[in-house]
Structure formats: C-alpha cells, structure tokens
Amino acid sequence: MKEEIKAYDNVLGLIGNTPLIKIKKVTEGLIGNFYAKVEAFNPGHSTKDRIALYIIEEAERKGILTPGDTIIETTSGNTGFSLAMVSIIKGYNCILAVSSKSSKDKIDMLRSLGAKVYVCPAHVSADDERSYYNVAKRLHEETKGSVYINQYFNQLNIDAHYYSTGPEIWEQTGGQITHLIACSGTGGTISGTAKYLKEQNPAIKILGVDAFGSVLKKYHETREFDNAEIYPYRIEGLGKNLIPSATDFDLIDKFMKVSDEDSAHAAREIAKREGLFVGYTSGAVLQAIRQYAEEGEFDENSNVIAIFPDHGSRYMSKVFSDDWMSDQGFFDSVNIEETQKIELIK
C-alpha cells in the first residue's frame, strides 16, 4: 500500500502559525525577555495574509463574493499582495489603489501577481479625490461585481487577528506574555490580538507604535483629531492621517512614536545581528522597544512579544539600499565608517 503524499492543497494552508523567535543581540543591555512573532513566515511574507484570507472567506460564506468577482482595496502594499495571492487561488480579479510611498519592490510584486495597480499620491489629505482611499471607492463604484475590502473600517480586520494571532501568541508563550508591542496602521493587528490576550489576562500591557507625522498617538491620549500632527514621513504601513475604526484605542495602553531614521537603522541592525531579514516596520518595533525600555516599562520578569510584520525583500530599494539611505540623510557619523569599508572593498 502506497503512503499518502503529504502536501498542502495550495499556499493558503500555510497562512498563520508563524514562529516566535527570541531576539537577544539587538536587545542586549535591556531588562526583560524579548521575542519576535515573525510574520514573514506567512506565504505572502506578511501578517496581512491573515486578514486577506479571513475577510474573503467571510464574504464567500455570506454570499457576497462569487468566482469571477473583483476584489478592490486600498493598500500600502502588503495587504494588496496578500489579496492578490488569495484571489489567484480562489478565482477573483484584483484591483489595488496603492500609496506612492510604497516601495517600488512592493508595487512590482503586486503587478507580478496579476493585480491591476493604481499608484496614488501619498501626501494628500484622506478626503482628497486623488487619495488612495477615494480612488479605491471610485473604482468600486465603477466596477460591476466588485467588493471593496476597506481594511481601515472593517471589523473583520480585527476579527482575523482575534481568532488567529492572539491565540497563537497565548499558546506559544504558555500564557506567560506580559507585554505585546506592535505597529498600528489600520489597527487590526494590534486590536484583534490585544482583544484576545486581554480576555485571557487583563494585566497584559498593549504597547502601540506610531510614526512622527501620524495622528494616532495624540488621538489615543486626547480622543481629538489634530490635523497639525500630520506631515510627510517615510515608513510604510505605520501610522495614519485619519482615525481607522479598525483600531480599538481602548485596548491599547500606550503609544510610542518612532522616527523614520531610527527605524531604518533598526531594521538593518536586525538583519545584520539576528539574521532575520525583516521590513521597515519591524525596525520601528525594535526602536519602540528600546524607547519603552528607556522609560522603565520592562523588568526582569517581562516577557515582551513583538510583532515583526513583514519581510525585508519588500524594502530592497529603500532601507536596505545604501543609496536610498544616503539620499534621505540617514548615514550620519555613526554609520559613515561602515559605508567607507564597503567602498574600500569595491
């Protein structure tokens, strides 16, 4: 009798159950125990695989989506890639409105998966007709048989992480987690994961990461939208110039803002010191860990779980490009010796 071939039916079976990896070298000198939930191990290389599959399957279950329909979404790149991947397997067309802040790597990847991509200016207000929010809405109105995912205002974005990321972290830590630290963009990842974890243990601290140039931290503290907080910044998938309803601010204990420059160097450091090739927002999370540690947030009994959202390959033309880093003015006196060594080898 022949043995059964052990294989997945398609790539969607690989979504979720990403590993926890202890991060030691980049947290050297900090008090506490630090672990990364490395979402790059998803088949689409980001945490957005979780929401893409969950939202689409919920739409199918409710009869909203049928094969041949078109999925439309606003994205900084990762959600779009995940939606395009799921669409291929399930037989949908995919149209994406993408921020011009997204790396060329991300945009090329979207097109390589057959998605139709509209690149929209990043530094316009959310209500501008050219913004990727409004372009996606217009495309939805113009496209017969289309479904607009609308991740920023979709409760299913939170639910996807409540039913997957949260339980995984609780099980992987044996309930010993004391802090969760995660970037907030749409807010689905941090909100859904926090909701599950706080139900298990209300004492778990939920620490958000925001960007300078974003409104989230001040809104969390004051519940006021301050337009003066908004200015251009470089990190993709972090922070917002609007208030997403997919963010449950009541579940988040604190926010920490991080800079473009510090986050870029932190991402490169993770690759060089931990051997983990992760993206720009992962660097933002590491930088936030350091800033929270400076404020005395952790002690020797802290078990800090950091969500590293995506893979470094999506940023080859940005944070992992010496030319881009130099163009941004990110190579200061601290980093000049390293670049000189590279030039000498050439």
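These exercises walk through the cores, surface, strands, helices and salt bridges of the structure above.

The model is predicted, so local features need pLDDT of at least 70 and side-chain atom pairs count only at pLDDT 80 or more, while totals for chains, interfaces and linings use all residues. Residues are numbered from 1 along each chain as its sequence is written, and side-chain values use heavy atoms, with hydrogens and water left out.

**Exercise 1: the cores**

Find the largest nonpolar core and say which elements supply it.

Step 1. Start with the terms. A nonpolar core is a set of buried Ala, Val, Leu, Ile, Met, Phe, Trp, Tyr and Cys residues joined through side-chain atoms within 4.5 Å. Buried means under 20% relative accessible area, exposed means over 50%, and partly exposed lies in between (1.4 Å probe, protein chains only).

Step 2. The largest such core holds 40 residues, and those with the most contacts inside it are Ile181, Val209, Leu238, Tyr280, Val285 and Phe308.

Step 3. Now look at the elements; helices (H or I, at least four residues) and strands (E, at least two) are DSSP runs, numbered from the N terminus. At least two core residues each come from elements including strand E7 (179–183), strand E8 (205–211), helix H9 (260–274) and helix H10 (280–294). H10 gives the largest share, seven residues.

Step 4. Zoom in on Ile181. Leaving aside neighbours within four places in sequence, Ile181 has contacts (heavy atoms within 4.5 Å) that include Leu207, Val209, Val285, Ala288 and Ile305.

Step 5. Another core, of 27 residues, lies apart from this one; Leu12, Leu53, Met85 and Val86 are among its members.

**Exercise 2: the start of the chain**

Decide whether Ile5 and Tyr8 are buried or exposed.

Step 1. Place them: Ile5 lies in the segment before strand E1 (20–22), and Tyr8 is also in the segment before E1.

Step 2. Apply the cut-offs. Ile5 counts as exposed because its relative accessibility is 73%. Tyr8 is exposed too, at 58% relative accessible area.

Step 3. Check the surroundings of Tyr8. Together with Val11, Leu14, Ile88 and Ile89, Tyr8 forms a nonpolar surface patch with about 450 Å² of accessible area. Such patches are made of residues with over 30% relative accessible area and no salt bridge, with like charges joined within 9 Å and nonpolar side chains (Val, Leu, Ile, Met, Phe, Trp, Tyr) within 5 Å. The areas come from the Shrake-Rupley method with a 1.4 Å probe, and for residues only the protein chains shown count as cover.

**Exercise 3: an enclosed strand and its surroundings**

Explain why strand E4 (residues 93–99) is largely enclosed by the rest of the structure.

Step 1. Six of the seven residues of E4 are buried, so the rest of the structure largely encloses this strand.

Step 2. Find a partner: strand E3 (residues 70–75) pairs with E4 in the parallel sense over six bridges. Two strands pair if DSSP finds at least two bridges between them. Within the pairing, Thr70 stands opposite Asn93 in E4.

Step 3. Turn to Ser87 in helix H2 (residues 78–90). Ser87 is buried, with a relative accessible area of 2%. Not counting residues up to four places away in sequence, Ser87 touches Ile71, Tyr92, Asn93 and Cys94.

Step 4. Finish with helix H4 (residues 132–142), whose buried residues are Tyr132, Tyr133, Val135, Ala136 and Leu139. Their cover includes E3, E4, strand E5 (116–120) and strand E6 (146–148).

**Exercise 4: salt bridges**

Where in the chain do the partners Arg234 and Asp260 lie, and how exposed or buried is each?

Step 1. A salt bridge is a side-chain nitrogen of Lys or Arg within 4 Å of a carboxyl oxygen of Asp or Glu. By this rule the count is 23.

Step 2. The side chains of Arg234 and Asp260 meet at 3.1 Å, N to O. This pair links distant parts of the chain: Arg234 sits in the loop between helix H8 (216–222) and E9, Asp260 in helix H9, 26 residues apart. Arg234 is partly exposed at 30% relative accessibility, whereas Asp260 is buried at 10%.

Step 3. Compare a pair within one helix. Glu142 and Arg138 form a salt bridge, their closest N and O atoms 3.4 Å apart. Both lie in H4, four residues apart, about one turn of the helix. Glu142 is exposed at 53%, and Arg138 is partly exposed at 37%.

Step 4. Lastly, a network of salt bridges links Glu28, Glu269, Arg273 and Arg290.
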